[in-house]
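Here is a short briefing on one protein chain. Look over the sequence and the model, then read the points by topic.

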Amino acid sequence: MTGAVLLLEAPGIVAVNTVMARFVEAQSMSLDGMDPDGMATGTRVLGYVSAAALVLCALVALLAGLRDRRPGRLGRGLLIGCALVHGVLGAVAVGLLGWGAFAFLMVVLGLVVLTLVAYGKGARRPVAEEAPAPA
């Protein structure tokens, strides 16, 4: 479930950044004399990089579900980073976009955390490890 939601979120991130880049281009906005074309290009690149990171996190979550094991160290690090970003974006989104965007980001945050917690150290041990020691 987490992987599917992250995969659906990736094109949305690209679309939002593309719209922002078009606004920057159309209004020739700049910050402190920066080139508006460079800012628009940077916004687009940020959208593509963010989408690639979301797809990578989605693949980690999907592999954890398919293998029924917790992700490796790098995979857990990616998912923790994804959870942190969703938490910060949720805090910003509540002020800028409203409670609907906040709720969506918190649901995704909850799914990522669930993926991290559901496959903890004690999850799904082999039967041989659960058997009592012989007397």
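**Overall fold**

From the N terminus on, the elements of the protein chain run α-α-α-α-α. That comes to five helices and zero strands. The model is a predicted one.

- The protein chain has 135 residues, and buried residues make up 27% of them.
- Take the contacts between residues at least 6 apart in sequence: 59% of these join residues at least 24 apart.

**Helix α1**

- Helix α1 covers residues 2-27, which is 26 residues.
- At 1.5 Å a residue, α1 should span 38 Å. Its end C-alpha atoms are 38 Å apart, so the expected span and the model agree.
- Which residues of α1 are buried? They are T2, G3, V5, L6, E9, A10, V14, N17, T18, A21 and V24.
- An α-helix has 3.6 residues a turn, so residues three or four places apart point the same way.
- What do the buried residues of α1 pack against? Their partners are α2 (36-67), α3 (73-96) and α4 (99-118).
- S28 comes just after α1 and takes a positive phi of about 50°.

**A10, a buried position in α1**

- A10 lies in helix α1.
- The relative accessible area of A10 is 4%; because buried means under 20%, A10 counts as buried.
- Beyond residues up to four places away in sequence, A10 touches A51, L54 and V55.
- A10 and L54 are 44 residues apart in sequence, yet their C-alpha atoms are 5.9 Å apart in space.

**How α2 meets α3**

- Two packed helices are described by the angle between their axes and the distance between the axes.
- For α2 and α3, the angle is about 125° and the axes are 9 Å apart.
- Angles over 145 degrees would count as roughly antiparallel, and 65 to 115 as roughly perpendicular. The two helices, α2 and α3, are therefore oblique to each other.
- The crossing of α2 past α3 is left-handed.
- On the α2 side, the contact is made by L54, L56, C57 and V60. On the α3 side, it is made by G75, L78, L79, C82 and H86.
- By class, this contact of α2 with α3 has seven nonpolar residues, two polar ones and no charged ones.
- L54 appears twice in this briefing: it is touched by A10, and it is one of the α2 residues in the contact with α3.

**A61, a buried position in α2**

- A61 is found in helix α2.
- Is A61 buried or exposed? A61 is buried, with a relative accessible area of 8%.
- Leaving aside neighbours within four places in sequence, A61 is in contact with T2, G3 and T115.
- T2 and G3 are among the buried residues of α1.
- A61 and L111 are 50 residues apart along the chain, and their C-alpha atoms are separated by 9.8 Å.

**The loop after α2**

- Where is D68? D68 is found in the loop between α2 and α3.
- Most residues other than glycine have a negative phi.
- D68 is not a glycine, although its phi is positive, at about 60°.
- D68 is partly exposed, with a relative accessible area of 28%.

Technical notes. Residues numbered from 1 in each chain as written. Predicted model: local features only at pLDDT ≥ 70, side-chain atom pairs only at ≥ 80, totals over all residues. Heavy atoms only, no water. Helix = DSSP H or I, 4+ residues; strand = E, 2+ residues; numbered from the N terminus. Expected span 1.5 Å × (residues − 1). Buried < 20%, exposed > 50% of the residue type's maximum accessible area, 1.4 Å probe, protein only. Contact = heavy atoms within 4.5 Å. Axes fitted to C-alpha atoms, helices over the stretch in contact; angles between N-to-C directions. Parallel < 35°, antiparallel > 145°, perpendicular 65-115°, else oblique. Left-handed = near helix turned anticlockwise from the far one by under 90°. Nonpolar A, V, L, I, M, F, W, Y, C, P; charged D, E, K, R; others polar.
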